[in-house]
Amino acid sequence: MPGGLRKKRVGGRRVREGRLVRSEPVTLRVDEKLLYLIELAARKHKWSVSSYLEWAAERSLKEVLLTTSEGTLRSIADESEELWHPDKVVRFVKLASRHPDLLTYHQSVLWKLIRENQFVWPRSRQGQMAAEPDINFLRSCWDRFVAVAEGKADRSILPGEADSAKPFPTAGRDFNGSQN
């Protein structure tokens, strides 16, 4: 039973175990006919409607294909390990790096701001970008980047934007942040 309590046989009887994952509530609009058919399918499996919908969603993720940076097709289910992270900042960077075509407009603006900011995404003295942004620094100023991307704040609140005459913090540092 997806998302529900898992049961395990012990000595010929089933013992309840705790939930494997925490579920999030979702509001969903479906027409009356579809809801009725979902309820019938859930009854057939002897599951709740929410467990059935979670199972169906997980199953459908195997059918939605994404093109990787290498040009191969992989399902969202297959990409899940590369895309999921409990930290929303890391999760965003993973998505934007691997599948920028899936970003919303505001996420695209956010990604552009992050990539352009030399405090968050260090550059070598030759101007070459590091392989990844400084996640810890990005996490510390995440809310400011989001506010600017959503048009709720001026770009001047971003690191290095208020005083463009300041030297970049990466001077004398390599991509890992250690001193040269």
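**Salt bridges and a buried leucine**

In this predicted model, arginine 139 forms a salt bridge with aspartate 87, and the closest N and O atoms of the two are 2.6 Å apart. This pair links distant parts of the chain, since arginine 139 belongs to helix α6 (residues 135-140) while aspartate 87 sits in the loop between α3 and α4, 52 residues apart. Aspartate 87 counts as buried at 18% relative accessibility, because the buried class takes in values under 20%, whereas arginine 139, at 35%, counts as partly exposed.

The count of salt bridges comes to seven, and some of them share partners, joining Arg74, Glu79, Glu82 and Arg98 into one network. Within this network, glutamate 79 meets arginine 74 side chain to side chain in a salt bridge of 2.7 Å, N to O, and forms another with arginine 98, where the closest N and O atoms are 2.9 Å apart. Glutamate 79 lies in helix α3 (residues 76-83) and arginine 98 in helix α4 (residues 88-98), so this pair ties together parts that are 19 residues apart in sequence. Glutamate 79 is buried, at 0% relative accessibility, while arginine 74 is partly exposed at 26% and arginine 98 is partly exposed at 27%.

Glutamate 79 and arginine 74 also appear among the contacts of leucine 66, which, leaving aside neighbours within four places in sequence, include Leu73, Ile76, Leu83 and His99 as well. Leucine 66 lies in strand β3 (residues 65-67) and is buried, with a relative accessible area of 7%. Another of its contacts is Leu102, which is 36 residues from leucine 66 in sequence and 9.5 Å from it in space, C-alpha to C-alpha.

Terms used. Residues are numbered from 1 along each chain as its sequence is written. This is a predicted model: local features need pLDDT of at least 70, side-chain atom pairs count only at pLDDT 80 or more; totals for chains, interfaces and linings use all residues. Side-chain values use heavy atoms; hydrogens and water are left out. Helices (H or I, at least four residues) and strands (E, at least two) are DSSP runs, numbered from the N terminus. Buried means under 20% relative accessible area, exposed over 50%, partly exposed in between (1.4 Å probe, protein chains only). Contact means heavy atoms within 4.5 Å. A salt bridge is a side-chain nitrogen of Lys or Arg within 4 Å of a carboxyl oxygen of Asp or Glu.
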